[in-house]
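This is a guided tour for a viewer window. Open the model, keep the selection tool at hand, and follow the stops in order.

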Amino acid sequence: MENEKVLIKRIQKHGDKKAADELITVYYKEIYAFVYRQVGQMQLSMDLTQDIFISMLRSIDLYVPKKGAFKTWLYRIASNKVVDYFRSGSYKNLSLITDIEECEFFLSDGENMETQAENRALVQKVMYHLSLYDFEIQQIMRLKFFSEKTFREIAEILSMSENTVKTKYYKALKNLRKDVEADEY
């Protein structure tokens, strides 16, 4: 693969499709995994991932390397798309029942179906409550939970101080726990 910076310049200056394909190939699996961990459905994850890369290509002229790493910029787009999806309310219409391929993906050795169903229900409760939080908090929580980014990486992606990210994260985590526990009763 060519250097990422070279690929980006080729796309920006010449609209080079081959360079765009190479750049997407580099990041596709990572961005797809980030989305899938949040929505839990393969087809929906593929659709959202496609939207993310379309947005990336449409706005790549706005990317300025001096302002931060391309990967950081791409995660910002991905995070925004996922938050937009959950804001839309479309996820409320999703069924708990998934197709056989997805069930196989979720099944892990030693876990019975009941435990898996409970875990999935808990994740859905967390996702529901998280969707009620403001945009900035959702971004922080999603990047931490589903992409396992460090506080420093999240701060860079969201252009805020690391201490601010930590403060907001721990406060939101405390509130999220209360919200989910209140749902149990």
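**Start with the whole chain**

The model is predicted. Before selecting anything, take in the whole chain: among contacts between residues at least 6 apart in sequence, 60% join residues at least 24 apart. Colour by secondary structure and count nine helices and zero strands. Read from the N terminus, the elements run α-α-α-α-α-α-α-α-α.

Now switch on the surface. The accessible surface of the chain comes to about 11,200 Å², and 53% of that belongs to carbon and sulfur atoms. How many of the 185 residues, as a percentage, count as buried? The value is 41%.

**Stop 1: a positive patch**

Select K5, K9, K13 and K66, which form a positive surface patch. Then keep K66 alone. K66 sits in the loop between α3, residues 42–59, and α4, residues 70–88. With 83% relative accessibility, K66 counts as exposed.

**Stop 2: A69, in the loop between α3 and α4**

Move to A69, in the loop between α3 and α4. Is A69 buried, partly exposed or exposed? Its relative accessible area is 37%, so A69 is partly exposed.

Show what surrounds A69. Apart from neighbours within four places in sequence, A69 is in contact with Y63 and E156. Next, draw a distance between the C-alpha atoms of A69 and I157: they are separated by 8.9 Å, although the two residues are 88 residues apart along the chain.

**Stop 3: E30 and its two partners**

Side chains of opposite charge can pair when their charged atoms come close. By the rule used here, the count comes to seven salt bridges.

Select E30 and K71, which form one of these salt bridges, with the closest N and O atoms 3.1 Å apart. E30 belongs to helix α2 (residues 17–39) and K71 to helix α4, so this pair ties together parts 41 residues apart in sequence. Both ends are partly exposed: E30 has 26% relative accessibility, and K71 has 32%.

Leave E30 selected and add K149. The side chains of K149 and E30 also meet in a salt bridge, 3.9 Å from N to O. Which parts does this pair tie together? K149 lies in the loop between α7 and α8 and E30 in helix α2, so the parts joined are 119 residues apart in sequence. K149 is buried, with a relative accessible area of 8%.

**Stop 4: K168 and E136**

Next, select K168 and E136. Their salt bridge has its closest N and O atoms 2.4 Å apart. K168 is in helix α9 and E136 in helix α7, so the pair ties together parts that are 32 residues apart in sequence. K168 counts as partly exposed at 27% relative accessibility, and E136 is partly exposed too, with a relative accessible area of 29%.

Before leaving the salt bridges, bring E30, K71 and K149 back into view together: salt bridges that share partners join them into one network.

**Stop 5: R142, a buried charge**

Go to R142 in helix α7, residues 135–146. Which side chain of opposite charge is nearest to R142? D84 is the nearest, 9.5 Å away, and R142 has no salt bridge although it is buried. For comparison, the cut-off for a salt bridge is 4 Å between a side-chain nitrogen and a carboxyl oxygen.

Now display what R142 touches beyond its neighbours within four places in sequence. The contacts include F34, Q38, V82, V83 and F86. M127, L130, S131 and S147 are also in contact with R142.

**Stop 6: two residues with positive phi**

Finish with two backbone angles. Select E148, in the loop between α7 and α8, where α8 covers 151–158. Phi of E148 is near 55 degrees, a positive value in a residue other than glycine. E148 counts as exposed, at 63% relative accessibility.

Then go to S159, in the loop between α8 and α9, the latter spanning 162–184. S159 is not a glycine either, yet its phi is positive, at about 55 degrees. With a relative accessible area of 60%, S159 is exposed.

Methods. Residues are numbered from 1 along each chain as its sequence is written. This is a predicted model: local features need pLDDT of at least 70, side-chain atom pairs count only at pLDDT 80 or more; totals for chains, interfaces and linings use all residues. Side-chain values use heavy atoms; hydrogens and water are left out. Helices (H or I, at least four residues) and strands (E, at least two) are DSSP runs, numbered from the N terminus. Buried means under 20% relative accessible area, exposed over 50%, partly exposed in between (1.4 Å probe, protein chains only). Contact means heavy atoms within 4.5 Å. Accessible areas come from the Shrake-Rupley method with a 1.4 Å probe; for residues, only the protein chains shown count as cover. Patches are made of residues with over 30% relative accessible area and no salt bridge: like charges are joined within 9 Å, nonpolar side chains (Val, Leu, Ile, Met, Phe, Trp, Tyr) within 5 Å. Lys and Arg count as positive and Asp and Glu as negative; His and the chain ends are not counted. The place of a charge is taken as NZ of Lys, CZ of Arg, CG of Asp or CD of Glu.
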